[in-house]
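Open your viewer and get ready to click. This tour tells you what to select next and what you will find there.

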Amino acid sequence: MHDGGQGWQRSILPAMFNKAYMLKTAVNDLLLPDSRFPKEGQVTMTGGRVFADDDDGRAAFERELQGVTWFSYRQGFGNLVDEDSSQPITYDTGWGCVHRTGQMLLMATLRKHLAVQPQHLLHHFKDSRDSSFSIQRIAMRGTRYGKPPGQWFNSSTVAHVLKDLVEHQTHFGRFLHDNPLHVEVVKDQQIQCPRVLDAGRRGGVLVLIPFMLGIESPNKLNEGFLLSCIRSKWSMGVLGGRPRHALYFIGYKADALVCLDPHRVQPAYTDERTKGVLSEPRRRAIACGDIDTCCLLTFFAKDYDASKDLLTWLRDARYEGKSARIFDVQGYSAVDSTAVDATPVPMRASPSPSWGGMSNTPPDSPEPPAVAVTAPAPPAGVHDGGGPARRDPSLQELRVTSLASSADALGGSWSVVDAEAREPAPKAGSSACRPPTA
């Protein structure tokens with residue numbers, strides 16, 4: 001049947017767009033080498049590991065950076081939507097950067113939770129409908145929150161989607177059945193202690209906190225708090241970025257955030273031959289003051305005791321020089337009691353078995369054996385500890401009430417896509433910024 005020329009547009013235009021984006025990336029690599037990465041100063045990574053500013057420390061940091069799994073844009077995978085769709089989607093260039101940072105976070109969390117090397121987990125992240133945490137599953141699950149395939153996510157959407165996918169594997173999958181991982185998404189900065197503790201009793205728990213760093217731009221007090229979150233021993237990094245550009249922050253150097261950037265295009269990862277590059281090819285950093293105000297704070301507790309310690313840290317979190325607590329930690333009496341005095345809130349059952357045409361079960365291929373990894377001693381040039389507290393005596397009084405009223409602005413301005421068309425960012429506190437509803 002004659003399609004009026006639309007078939008040409010569907011087949012040629014996406015390829016032209018990807019080629020143009022790859023050319024743009026190559027030019028940027030030539031014009032912008034690692035000049036934005038601070039040349040001097042120690043580096044503090046998630047968990048508080050500090051890399052000294054000397055030859056040994058710099059070499060150790062490079063090894064650490066190369067050991068973090070990096071996911072990027074891919075092209076040429078199977079259609080994300082129905083096979084008979086008039087608008088097939090076979091790449092995530094321009095809209096999937098938040099999806100890819102979510103994959104990076106989930107890979108880092110699973111490595112820590114299961115104590116395995118990335119090669120034992122990578123098949124769960126292939127660009128295939130059968131893979132547990134593929135771009136296909138993440139994109140299709142976004143439909144439940146009003147974000148169909150081909151649209152960018154905000155911080156709240158990616159948090160809820162990751163929660164759904166992990167819970168699905170925990171309840172119905174194989175590789176998380178004996179080592180449950182639960183995800184708690186915090187709303188309006190109100191942390192429910194019984195839920196976190198109940199999850200900690202049954203396995204590991206990943207706590208995701210959508211957070212506003214300011215109104216128009218990050219304020220200094222929130223910048224300092226962000227760095228303290230990254231260096232805390234429970235930190236799994238921060239999902240953030242700048243407008244139209246999602247990044248995964250995993251450390252800091254001076255006042256610049258060390259980040260992984262998914263904005264490079266590679267062929268689809270469908271088998272061992274097409275893995276491509278899985279470590280960040282460049283050192284990248286961005287100044288704290290230049291990032292977008294919407295971000296996702298992430299913390300991992302491996303068991304019940306660790307979840308109690310994390311909740312205590314979150315309860316006591318304050319801005320420097322301020323008495324008001326940042327988070328409303330509800331039901332904290334449960335932390336102080338060996339026998340919890342609040343009825344645990346059961347984790348939400350896994351969503352409907354219908355996953356947009358995707359299999360309910362993991363791939364039929366056998367799971368690689370879980371290989372326990374003993375944490376090695378820090379290499380030369382590395383020592384444990386936190387960086388110095390950020391102090392600025394000239395700071396004016398923080399408008400706490402203003403930030404509190406916009407605390408549920410979970411990502412409206414974080415429209416981090418590279419596509420030319422971009423919806424205007426809603427103002428803080430508007431309904432468009434609120435958490436998605438099922």
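Start by selecting Arg-315 and Asp-316, whose side chains meet in a salt bridge with N and O 3.0 Å apart. A salt bridge here is a side-chain nitrogen of Lys or Arg within 4 Å of a carboxyl oxygen of Asp or Glu. Side chains of opposite charge can pair when their charged atoms come close. Colour the two by exposure: Arg-315 is partly exposed, with a relative accessible area of 21%, and Asp-316 is partly exposed too, at 33%. (Buried means under 20% relative accessible area, exposed over 50%, and partly exposed in between, using a 1.4 Å probe and protein chains only.)

Now select Asp-53, Asp-55 and Arg-58, which are joined into one network by salt bridges that share partners.

Before going further, a word on what you are looking at. This is a predicted model, in which local features need pLDDT of at least 70 and side-chain atom pairs count only at pLDDT 80 or more, while totals for chains, interfaces and linings use all residues. Residues are numbered from 1 along each chain as its sequence is written, and side-chain values use heavy atoms, with hydrogens and water left out.

**Zoom out**

Show the whole chain as a cartoon: there are nine helices and 14 strands. Helices (H or I, at least four residues) and strands (E, at least two) are DSSP runs, numbered from the N terminus. Of the 438 residues, 53% count as buried.

**More charged pairs**

How many salt bridges does the rule give? The count comes to 17. Select Glu-272 and Lys-275 for one of them, with the closest N and O atoms 3.0 Å apart. Glu-272 is exposed, with a relative accessible area of 54%.

Next, pick Lys-163 and Glu-167, where the N to O distance of the salt bridge is 2.9 Å. Are these two buried or exposed? Both Lys-163 and Glu-167 are buried. Look along helix 5 as well: the two residues are four apart there, so about one helical turn separates them.

**The loop before helix 5**

Select Asn-154, in the loop between helix 4 (135-141) and helix 5 (155-172). Asn-154 is buried, with a relative accessible area of 6%. Show its polar contacts: pairs of N or O atoms within 3.5 Å, where, within protein, one must be able to donate a hydrogen and the other to accept it, and residues adjacent in sequence count only if both atoms are side-chain atoms. The side chain of Asn-154 reaches the backbone nitrogen of Ser-156 at 3.2 Å, and a polar atom of that side chain lies 2.8 Å from the backbone nitrogen of Thr-157.

**Into the nonpolar cores**

In soluble globular proteins, nonpolar side chains tend to be buried together. A nonpolar core is a set of buried Ala, Val, Leu, Ile, Met, Phe, Trp, Tyr and Cys residues joined through side-chain atoms within 4.5 Å. The largest one has 54 residues, and among those that touch the most other members are Phe-61, Leu-110 and Phe-133. Helix 3 (residues 97-114) supplies the largest share of this core, eight residues.

Select Leu-110 and show its contacts (heavy atoms within 4.5 Å). Leaving aside neighbours within four places in sequence, its partners include Leu-121, Phe-125 and Phe-175.

Then move to Ala-108, which lies in helix 3. With the same kind of neighbours left aside, within four places in sequence, Ala-108 is in contact with Met-236 and Tyr-248.

For your last stop, select Leu-227, Leu-247, Ala-301 and Val-335, which are included in a second, separate core of 44 residues.
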